[in-house]
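The following exercises guide the reader through one protein structure. Each task is followed by a solution in steps.

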Amino acid sequence: MSNEALIKSLNQALAFELRAEIMYAHYSAYVAGIHRLHLQPFFAAEAQESFTHASVVRGAIVKLGGVAVTERDQAPIKHTTDYREILEECLNTEKKAAETYGAILQILPDNDDELYDSLQQVFFAEQRSVEEITRLL
Ligand SMILES: [Fe+2]
């Protein structure tokens with residue numbers, strides 16, 4: 001696997017993180033009703049986590065000599081204040097992220113443990129988010 005193909009996949013993951021950050025910040029602002037009590041802090045924390053993941057992925061791209069994207073993935077972010085609709089959107093986003101990182105782990109060079117470990121941590125975090133949001137629904 002050439003660095004070029006790997007950098008392309010990492011940039012896709014980075015664009016997903018930039019979208020997720022905006023999505024969670026948006027839902028943190030708009031989630032309404034009694035569930036706002038616990039979901040607003042949850043979404044705010046997920047926005048922060050997406051920011052952190054984006055930093056990790058950007059760092060990996062820099063390390064591999066690539067140019068990191070600055071645009072978010074263009075998939076629309078549905079505006080709603082309904083917590084169930086929001087959670088469905090979040091679950092789809094997290095599943096896609098977990099899938100993307102799972103695929104990236106398969107194509108990482110096997111001579112860089114630090115790179116592998118940092119992206120595996122992100123992969124595990126996405127899997128935990130999928131499990132957590134599935135339990136909320
Ligand atoms: Fe993430």
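**Exercise 1: The surroundings of E46**

E46 has its place in helix α2. The model under study is a predicted one.

Task: Determine whether E46 is buried or exposed, and identify the residues it touches.

Solution.
Step 1. A residue counts as buried if 20 or more other C-beta atoms lie within 10 Å of its own.
Step 2. E46 has 24 other C-beta atoms within 10 Å, and therefore E46 is buried.
Step 3. With residues up to four places away in sequence not counted, E46 touches Y24 and S129.
Step 4. For Y24, the separation from E46 is 22 residues in sequence, whereas the C-alpha atoms of the two are 6.3 Å apart in space.

**Exercise 2: The overall fold**

Task: Describe the secondary structure of the protein, and compare its radius of gyration with the globule rule.

Solution.
Step 1. The protein has four helices and zero strands, and its pattern along the sequence is α-α-α-α.
Step 2. The globule rule gives 14 Å for 137 residues, and the radius of gyration of the protein is 15 Å, close to that value; the protein is therefore as compact as a globular protein of that length.
Step 3. Along the principal axes, the C-alpha atoms fill a box of roughly 50 × 25 × 20 Å.
Step 4. Of contacts between residues at least 6 apart in sequence, 78% join residues at least 24 apart.

**Exercise 3: Helix α4**

Task: Check the length of helix α4 and list its buried residues.

Solution.
Step 1. Helix α4 covers residues 113-136, which is 24 residues.
Step 2. At 1.5 Å a residue, helix α4 should span 34 Å; its end C-alpha atoms are 34 Å apart, so the two values agree.
Step 3. The buried residues of α4 are L119, V122, F123, E126, S129, V130 and I133.
Step 4. An α-helix has 3.6 residues a turn, so residues three or four places apart point the same way.
Step 5. The cover over the buried residues of α4 includes α2 (36-63) and α3 (83-107).

**Exercise 4: The nonpolar core**

Task: State which residues have the most contacts inside the largest nonpolar core, and which helix supplies its largest share.

Solution.
Step 1. The largest nonpolar core has 30 residues, and L10, A13, L14, V57 and Y101 have the most contacts inside it.
Step 2. Each of α1 (3-30), α2, α3 and α4 supplies at least two residues of this core.
Step 3. Its largest share, ten residues, comes from α1.
Step 4. Beyond its neighbours within four places in sequence, L14 is in contact with A54, V57, R58, I61, A68 and V69.

How values were computed
Residues are numbered from 1 along each chain as its sequence is written. This is a predicted model: local features need pLDDT of at least 70, side-chain atom pairs count only at pLDDT 80 or more; totals for chains, interfaces and linings use all residues. The radius of gyration is taken over C-alpha atoms; the globule rule is 2.2 Å times the number of residues to the power 0.38. Two residues are in contact if their C-beta atoms, placed from the backbone, lie within 7 Å. The expected span of a helix is 1.5 Å times one less than its number of residues. A residue is buried if 20 or more other C-beta atoms lie within 10 Å of its own, exposed if 12 or fewer, and partly exposed in between; C-beta atoms are placed from the backbone. A nonpolar core is a set of buried Ala, Val, Leu, Ile, Met, Phe, Trp, Tyr and Cys residues joined through C-beta atoms within 7 Å.
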